[in-house]
Amino acid sequence: MTVVVVVVVLVVAIATYLTWLASRLDRLANRVDATRAGLVAQLTARADAARSLARSCGLDDLAIAAERARAGHATLLAEATLDATAEDAENALSRALRSPAVALAVGRAAPGDVHAVDAAAARVALARQFHNDAVGDVRSLAGRRLVRLVHLSGRRPLPAYFEIDDAPPVREDGPPRPESSAEMPGA
Amino acid sequence: MKIGLACPYTWDVPGGVQAHVRDLAETLLDAGHDVSVITPVDDESTLPPYAVDAGRAVPVPYNGSVARLLMGPVSAARVRRWLREHDFDVLHAHEPTAPSVSLLACMLADGPLVATFHTANPRSRFLTAAQSALQPSLEKLRARIAVSEAARRTLVEHLGAGAILIPNGVAVRAFEGARALPRYRAVVGVGDSDGGAEGHGSEDGDSPGGDGPVVVFLGRIDEPRKGLDVLMAAFPLLVEQVPDARLLVAGPGDTEAVRSRIDPSLLGRVDLIGLVPEADKAAVFASGSVYCAPNTGQESFGIVLLEAMAAGTPVVASDIDAFRRVLDDGRAGRLFGVGEPAELAARLAELLRDPAERARLVERGRAVVARYDWRVVAQRIVGVYEMVSGDSPVSVAADDT
């Protein structure tokens, strides 16, 4: 009798633990999906901002890089992983945004266009950090021996980190400064 | 936006995290957001209208000081009810590694969760031990924010988690245009150009120790890491170079012990005023020609430097990482080698003799401070909220884990 009770308790405990692990994995998978969607949205916003800057200043190389990056975004959203081709296109756009031609054009461009590109570039870096943090959390939980042993992740492939060079362009006047003294009372 | 903020430490006990949550909440409210804070509190009448009581916290010795913590079914029920009643677009938990309300909120909620990590602690045995217990709650966070590079390093090393960096804000408005303490208004400091410029002394009695330039120190006077000893060793050397220099020392601690170590010939030049109320901090900074931060320990963030700069006082600080970063590598304030009284005295003397350079530092200081203005910092935090929220509001987790 005692043996039966012990076995039942053990089985229930193990099942509860595994269910709990599975629900954590589920939640993490959702977080990866949500952060990937967020990352793609920011990449799209950056490409769009780059395209308008390119148009208003006649920067052909930047326009091409923006188009290439933009072309990949639909597949990025549809597919479960972000692949190397997408990374290449985004790297090329980051480089184009930092190119001397763009730095020169910044003086002529409408400040709004430049600000939009810089803000979008900064948001890409944040979105990528959020995405990669989620991927890191999945990989550390899915890598546990018990999780692999009982195939808790099912057939879900391990999500991949999205590694691009997203360093934002550096402007001559340093980091974007808030409208400090202008709006401060008493300054 | 409907924003829920969880604060882990007792609201009516002074502390950096509580101040951060309060300033953030009030800035967000000013910007038109809908904000509710849940926090432990001892005296419920001290709670502002936007805050909700999570219960009384229990003091526990932790990490060399006393942490007041709160876990248990009653608070869990309160947190759950708070979550149900508000339908937040985003839940922002502060310091969710402390066993208190923030951790409870992370355990109980599901959806757009954001957390800010405040502590920088390179060798936290607590975090190392608790890592696997904290992991399930921390992995719900869609965005992790660290207030300093050191806090981020702590997070990476102990919990293997990345984070973005958004610094603490400074309530710039509380420091702008500060006037010197009444007794110091006779001095023409940079931050106080209108106070009885030609007068010797003022209507409030003679200014202590003459009317020479004033070096200000603010911090615990018996906490070695705050470095008052370095400044005390530098002061006689400074007087050799600037004979009428004076020293104003504010902060809690044993003032008599400090006084007994001062060279009697200099006693008249050193004004030890002890603990000053929070409301007088700006005036203390404004009383100085220079503010000195001789800290010898690693600080995670130089908020006091920013406050001094916001009050319009140039800064001389020891060359530790956090200070170097805040002072823009020495462009917005002078740096000296950690624990080097001779170098400190030289830097102070240079600045006290050069009002034009002081004015330049004050200008650059203002530009630096603007980046840390709560109104600017809160905007960046709202940017994070916008990036993680959207699909569905914060809900109470089905499995309560």
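This is a short viewer tour of a predicted model with chains A and B.

**Stop 1: chain A by itself**

Hide chain B for a moment and colour chain A by secondary structure. You'll get 7 helices and 0 strands, so to speak an α-α-α-α-α-α-α run when you read the elements from the N terminus on. Now colour by burial: of the 187 residues in chain A, buried ones make up 30%. If you like contact maps, take the contacts in chain A between residues at least 6 apart in sequence; 80% of those join residues at least 24 apart.

**Stop 2: where A meets B**

Bring chain B back and select the contact between the two chains. Chain A puts in 26 residues and chain B puts in 24 residues. Which elements of chain A give two or more residues to the side that touches chain B? Select α1 (2-57), α5 (111-142) and α7 (180-183) of chain A. Of these, α5(A) supplies the largest share of that side, with 10 residues.

**Stop 3: the two domains of chain B**

Next, split chain B by its domain assignment: domain 1 is 2-169 + 375-393, and domain 2 is 172-371. Note that domain 1 is written as two segments. Drop a marker on each C-alpha centre and you'll find the two domains' centres 34 Å apart. Where the domains touch, the contact takes 8 residues from domain 1 and 7 residues from domain 2 of chain B.

**Stop 4: the largest nonpolar core**

Nonpolar side chains tend to be buried together in soluble globular proteins. Here, the largest nonpolar core has 161 residues. To find your way in, select the residues with the most contacts inside this core: A:A50, B:A105, B:V114, B:V216, B:C292, B:L305 and B:L348. Both domain 1 and domain 2 of chain B give at least three residues each to the core.

**Stop 5: B:A105 and the α2/α3 pair**

Centre on B:A105. What is B:A105 in contact with, leaving aside its neighbours within four places in sequence? Light up B:A6, B:V79, B:L91 and B:A93. Now show the helices around this spot: α2 (residues 73-86) and α3 (residues 101-108) of chain B pack at an angle of about 60°, with axes 10 Å apart. That angle makes α2(B) oblique to α3(B), and the crossing is right-handed. On the α2(B) side, pick B:S75, B:A76, B:V79, B:R80 and B:L83; they meet B:V101, B:L104, B:A105 and B:L108 in α3(B).

**Stop 6: B:L348 and the α7/α12 pair**

Jump to B:L348, another of the core residues with the most contacts. B:L348 sits in α12(B), where B:P341, B:A342, B:L344, B:A345 and B:A349 join it in meeting α7(B). From α7(B), select B:V230, B:L231, B:A233, B:A234, B:L237, B:L238 and B:Q241. Helix α7 (residues 228-241) and helix α12 (residues 341-352) of chain B pack at about 50°, with axes 8 Å apart. This makes α7(B) oblique to α12(B), again with a right-handed crossing.

**Stop 7: two aspartates with positive phi**

Finish with a backbone check. B:D87 is not a glycine, yet its phi is positive, near 55°. Look for B:D87 in the loop between α2 and β6 (90-94) of chain B. Is B:D87 buried or exposed? Exposed: 11 other C-beta atoms lie within 10 Å. Then go to B:D329, in the loop between α11 (321-326) and β16 (334-336) of chain B. The phi of B:D329 is positive too, about 60°, and B:D329 is exposed, with 10 other C-beta atoms within 10 Å.

Definitions and conventions: Residues are numbered from 1 along each chain as its sequence is written. Chains are lettered from A and ligands numbered from 1 in the order in which they are written. This is a predicted model: local features need pLDDT of at least 70, side-chain atom pairs count only at pLDDT 80 or more; totals for chains, interfaces and linings use all residues. A nonpolar core is a set of buried Ala, Val, Leu, Ile, Met, Phe, Trp, Tyr and Cys residues joined through C-beta atoms within 7 Å. A residue is buried if 20 or more other C-beta atoms lie within 10 Å of its own, exposed if 12 or fewer, and partly exposed in between; C-beta atoms are placed from the backbone. Domain bounds come from an automatic or database domain assignment. Axes are lines fitted to C-alpha atoms, for helices over the stretch in contact, and angles run from 0 to 180 degrees between N-to-C directions. Helices (H or I, at least four residues) and strands (E, at least two) are DSSP runs, numbered from the N terminus. Angles under 35 degrees count as roughly parallel, over 145 as roughly antiparallel, 65 to 115 as roughly perpendicular and the rest as oblique. A crossing is left-handed if the near helix is turned anticlockwise from the far one by less than a right angle, and right-handed if clockwise.
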